[in-house]
Amino acid sequence: MSGLVPPHGGKGLTECLLQGAELEAEKKKAQGLKKIELAPREKGDVLMMGIGAFSPLTGFMSKADWKGVCEKMLLTDGTFWPIPVTLSVSQEDAAAIKEGDEIALYDSKYDEILATMKVDEKYELTEAEKKFECEKVFMGEGTKTPEDFWKVHAEDPHPGVDMVLGQKPVSLAGKIKVLSESHYPKTYPGVYMRPSESRKIFEERGWNTVAALQLRNPMHRSHEFLAKIAIEVCDGVFIHSLVGNLKPGDIPAEWRVKCIDTLIKGYFVEKNVVHGGYPMDMRYAGPREALLHATFRQNFGISHMIIGRDHAGVGDYYGMFEAQTIFDKIPYAKEACPTPGQALVCKPLKIDWTFYCFKCDGMASLRTCPHTKEDRVILSGTKLRKLLSEGGDVPDHFGRDEVLVILREYYASLTEKVEIKMHKAAAG
């Protein structure tokens, strides 16, 4: 019997991905349905529901669920869920769709129908309601009031807020049937995996407690230190990197995967580590996204979510450790939800700001290092990207040399592409 935490929601893994004859029949039917083009975020959400990573969700949210999640982080049935999962369409498309209709959800980038959906509800989200969602989901301690929040956004646009404000006016709710995992199994073989696959690996290794390290940046020394702390207190660590869409300027997944694999081979006991990838887009929602990361990681078999400094943050929107303290404010205890399994079980593994200290002669945190900031190498993915993109020198102990070689190769390839483009333009 498995000792892993159960999937979230009390219903097991609710995979929406069809198989065998049922898949072939649904693919054939989908060709005759009205196509609705998916935005990148929506595509990621379809795939997450397909593989069961968003269990217990089996489709896009109704307006009542949307409101409950925004206001109380609860679905209408009492299940904890921290961020809305919605599908938007234009007024023109909405006018051609009736409640009860079936539609095809289409990915234009790969010219593929990813899923079919039976429309249970059509509802509008006004501009005021979109702003309400943004204030509930994205506003943190860095912007304490709505007025402050929107002022900061006007000066430094929040990418997640832009996604919500850019949604089309009508939302569709209903269950989906997923037909494909897109390009991910072929692009990231051995890394991209479903919750059922990660659970099998953990069970084969005899793990009961598993910590997840969320990564959207190349793995630097602080990430490495966090993972090693987790290995000391849990049976193993799941280095789980995002292979979906990021914001402009972030380093592509294929290069980040190379960095992680290199670090695991050179600096970890490999039997204590699993490297996986998942297809969701970042929302950059800071504290609320930390909760989402813990919620879907529970479906992968994760008991503890590593939450460090400014988890899933962007700009100055969130307090440095707000993503940790939010776990103390949610419907967390079993009595907060009416049915067993509806509360979040995955716990935060809260770790203080980590860095390399020359006087300590090693990695440390604010809880363990008595020295001053002049003695420390402050580590961050944003700072590393800036140094490398500008050709600057990377301080000693910021990252492993083998990883920096890979990242310099990536930035050199960008320069080469720009030079080729300019040469072609000059040649006319």
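User: Which element gives the largest share of the lining of the second largest pocket?
Analyst: Helix 2 does, with 4 residues. Keep in mind that we're looking at a predicted model here.

User: Okay, and how much space lies in that second largest pocket?
Analyst: About 490 Å³. It is lined by 31 residues, and the closest to its centre are K109, H183, Y184, G244 and N245.

User: Which elements give two or more residues to that lining?
Analyst: They are helix 2 (40-50), helix 8 (184-187) and helix 11 (253-267).

User: How does the lining of the second largest pocket split up by class?
Analyst: You get 15 nonpolar, 7 polar and 9 charged residues.

User: Switching to cavities now. How many of 30 Å³ or more are there?
Analyst: The count comes to 1 cavity. The volume of the largest cavity is about 50 Å³.

User: Which residues line the largest cavity?
Analyst: R41, I83, P84, T86, E133, V137, F138, V164, Q167 and R283 do. Helix 5 (residues 127-138) gives the most to that lining, 3 residues. By class, the lining has 5 nonpolar, 2 polar and 3 charged residues.

User: What about the largest nonpolar core, how many residues does it have?
Analyst: It has 84 residues. Those with the most contacts inside it are V46, F54, F60, W81, L105, F138 and I176. F138 should ring a bell, since it also lines the largest cavity.

User: Which helix gives the most to this core?
Analyst: Helix 12 (residues 287-299), with 5 residues. There's also a second, separate core of 37 residues, which includes L215, V237, L384 and L387.

User: Back to F54. What does it touch?
Analyst: Leaving out residues up to four places away in sequence, F54 touches D45, M48, M49, W81, V85, M280, L292, F296 and N299. F54 is also part of an aromatic cluster with W81, F202, W207, F238, Y278, F296 and F300.

User: And how many aromatic pairs does the structure hold?
Analyst: There are 16. Take F296 and F300: their ring centres are 6.3 Å apart and their planes sit at 70°, so this pair is edge-to-face.

User: Why edge-to-face?
Analyst: Because the planes are at 70°, and anything over 60 degrees goes in that group.

User: Are F296 and F300 buried or exposed?
Analyst: F296 counts as buried, because its relative accessibility is 0%. F300 is buried too, again at 0%.

User: New topic: where is G319?
Analyst: G319 is in the loop between strand 11 (304-307) and helix 13 (322-325).

User: Is G319 buried or exposed?
Analyst: Buried, with a relative accessible area of 16%. The cut-off for buried is under 20%, so 16% makes it.

User: What is G319 in contact with?
Analyst: Setting aside neighbours within four places in sequence, G319 is in contact with E141, G142 and D310. As for E26, that residue is 293 residues from G319 in sequence, and their C-alpha atoms are 47 Å apart.

User: Last one: where's Y411?
Analyst: Y411 is in helix 15 (residues 401-427). Y411 is buried, at 11% relative accessible area.

User: And which residues is Y411 in contact with?
Analyst: Not counting neighbours within four places in sequence, they are I251, R385, L388 and S389. Y411 and I251 are 160 residues apart along the chain, with 9.2 Å between their C-alpha atoms.

Conventions
Residues are numbered from 1 along each chain as its sequence is written. This is a predicted model: local features need pLDDT of at least 70, side-chain atom pairs count only at pLDDT 80 or more; totals for chains, interfaces and linings use all residues. Side-chain values use heavy atoms; hydrogens and water are left out. On a 1 Å grid over the protein atoms alone, a cavity is a set of points where a 1.4 Å probe fits but cannot get out, and a pocket is an open set with protein on both sides within 12 Å along at least five of seven lines; lining residues have an atom within 4 Å of a point. Grid points are joined across faces, edges and corners, and a volume is the space filled by probe spheres set on the points. Ala, Val, Leu, Ile, Met, Phe, Trp, Tyr, Cys and Pro count as nonpolar, Asp, Glu, Lys and Arg as charged, and the others, Gly among them, as polar. A nonpolar core is a set of buried Ala, Val, Leu, Ile, Met, Phe, Trp, Tyr and Cys residues joined through side-chain atoms within 4.5 Å. Buried means under 20% relative accessible area, exposed over 50%, partly exposed in between (1.4 Å probe, protein chains only). Contact means heavy atoms within 4.5 Å. Rings of Phe, Tyr and Trp (its six-membered ring) pair if their centres lie within 6.5 Å; planes under 30 degrees apart count as stacked, over 60 as edge-to-face and the rest as tilted.
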